[in-house]
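Okay, thanks for coming, everyone. I'd like to walk you through one model today, so have a look at the screen and then I'll start.

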Amino acid sequence: MSTALAGVGASYGQDKVVRIGFQKYGKLVLLKSKGSLEPKLKALGYNVTWIEFPSGPPLLEAVNVGAVDFGNTGEAPPIFAQAAGAPIRYVAYEPPAPKGEAILVPKDSPLKSVADLKGKKVALNKGSNVHYLLVKALEKAGVKYSDITPVFLAPADARAAFESGSIDAWVIWDPFQAAAEAATQARTLADGTDIVPNYQFYFSSQKFLDSDTKALDAILAELREVDEWAKTDIHAVAEQLSPSVRIPVPVLEVALKRQSYGIKPIDSELIAAQQKLADTFFTLGLIPKAISVSELARKPGS
């Protein structure tokens, strides 16, 4: 019995695994395809497992249940996750990319402005970054959130509903946004410009942050290298991403030019922006309790 247990202990020590959650698009996809992270983590005693998610909310739910150690999402999913008690920690972010998400309508739609959405069906991925864009765009246009009918659909289902005409508008992010614009000549009622910043965040589970900061910092260092390459050669990035996301290179180039570059550590400005988002969602009843975002920020030196 003791021999068997000793064997289990030894193999566990040799086979630590970092489970990285990623979405179809973004810097983590590039890092995965580059293959540079695996040897860096191998030297620290880790293997890498990559797990794909259709959007941010299920990725953070996976962190919550202990199935993912590291991942990235837009600005709204972590607010819902924190309100649900998920043990996540903000560890880095990308600067604002307000044009990387938009409220789209069909090219021949009679709707001309966000104010025209009153009484209309608007599709979005519940709890994703575009949820905040919709809330703030309506607020700016003087329309109550309760005056529209939100239709919660994942991107693929929303695209089908958009093309069939069963919804009036679609709030979506790149590269789905660029793909819809190219394929259907969809019109933009509003993007995030002067409405929301559209940050991208990188997250660690509390357990992973506590257990091995060297491994976490190795991931962030490799992400920064990929980010540096990406901003200098958008065409090459589009060519590399195109097969996996099944979107033509020219369309991806449009999306990549709307992205932001430069992965940074969490700072007080970021925490303040996220707190504003959290307070907005609480006021609207979208989250069940008030939360303090600063509690989840990685502290310097940790």
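**Helix, cores, pocket, strand**

Let's begin with helix H8, residues 176–184: the buried ones there are Gln177, Ala178, Ala179, Ala180, Glu181 and Thr184. Keep in mind that this is a predicted model.

So what do the buried residues of H8 pack against? On the strand side there's E5 (101–105), E8 (169–173) and E9 (187–191). On the helix side there's H7 (155–164) and H12 (249–258). Right after H8 comes Gln185, and its phi is positive, near 55 degrees.

Okay, cores. The largest nonpolar core has 62 residues. Which residues have the most contacts inside it? Those are Ile79, Ile103, Leu117, Leu134, Trp170 and Phe281. As for where this core comes from, helix H6, residues 129–141, supplies the largest share, with 7 residues.

Let me zoom in on Phe281. If you leave aside neighbours within four places in sequence, Phe281 touches Ala76, Ile79 and Phe80, then His131, Tyr132 and Val135, and also Leu286 and Ile287. And there's a second core, separate from that one, with 42 residues, including Val18, Ala218, Leu241 and Val245.

Now the pocket, which I guess some of you were waiting for. The largest one has a volume of about 490 Å³. How many residues line it? The lining has 34, and nearest the centre you'll find Gln23, Tyr25, Trp173, Asp174 and Gln200. The elements that put two or more residues into that lining are helix H4 (56–64), strand E3 (70–74), H7, strand E10 (200–205) and H12. E3 gives the most, with 3 residues. H7 and H12 should sound familiar: the buried residues of H8 pack against both. By class, the lining of this pocket splits into 14 nonpolar, 14 polar and 6 charged residues.

Last stop, Val48, which sits in strand E2, residues 46–52. Is Val48 buried or exposed? Its relative accessibility is 17%, and the cut-off for buried is under 20%, so Val48 counts as buried. Again skipping neighbours within four places in sequence, Val48 is in contact with Val18, Ile20, Glu38 and Leu41. Take the Ile20 pair: Val48 and Ile20 are 28 residues apart in sequence, with 7.3 Å between their C-alphas. And Val18, from that contact list, is one of the residues in the second core.

That's my tour, over to you.

Conventions:
Residues numbered from 1 in each chain as written. Predicted model: local features only at pLDDT ≥ 70, side-chain atom pairs only at ≥ 80, totals over all residues. Heavy atoms only, no water. Buried < 20%, exposed > 50% of the residue type's maximum accessible area, 1.4 Å probe, protein only. Helix = DSSP H or I, 4+ residues; strand = E, 2+ residues; numbered from the N terminus. Contact = heavy atoms within 4.5 Å. Core = buried A, V, L, I, M, F, W, Y, C linked by side-chain atoms within 4.5 Å. 1 Å grid on protein atoms, 1.4 Å probe; cavity = no way out; pocket = protein on both sides within 12 Å on 5 of 7 lines; lining within 4 Å. Points joined across faces, edges and corners; volume = space filled by probe spheres on them. Nonpolar A, V, L, I, M, F, W, Y, C, P; charged D, E, K, R; others polar.
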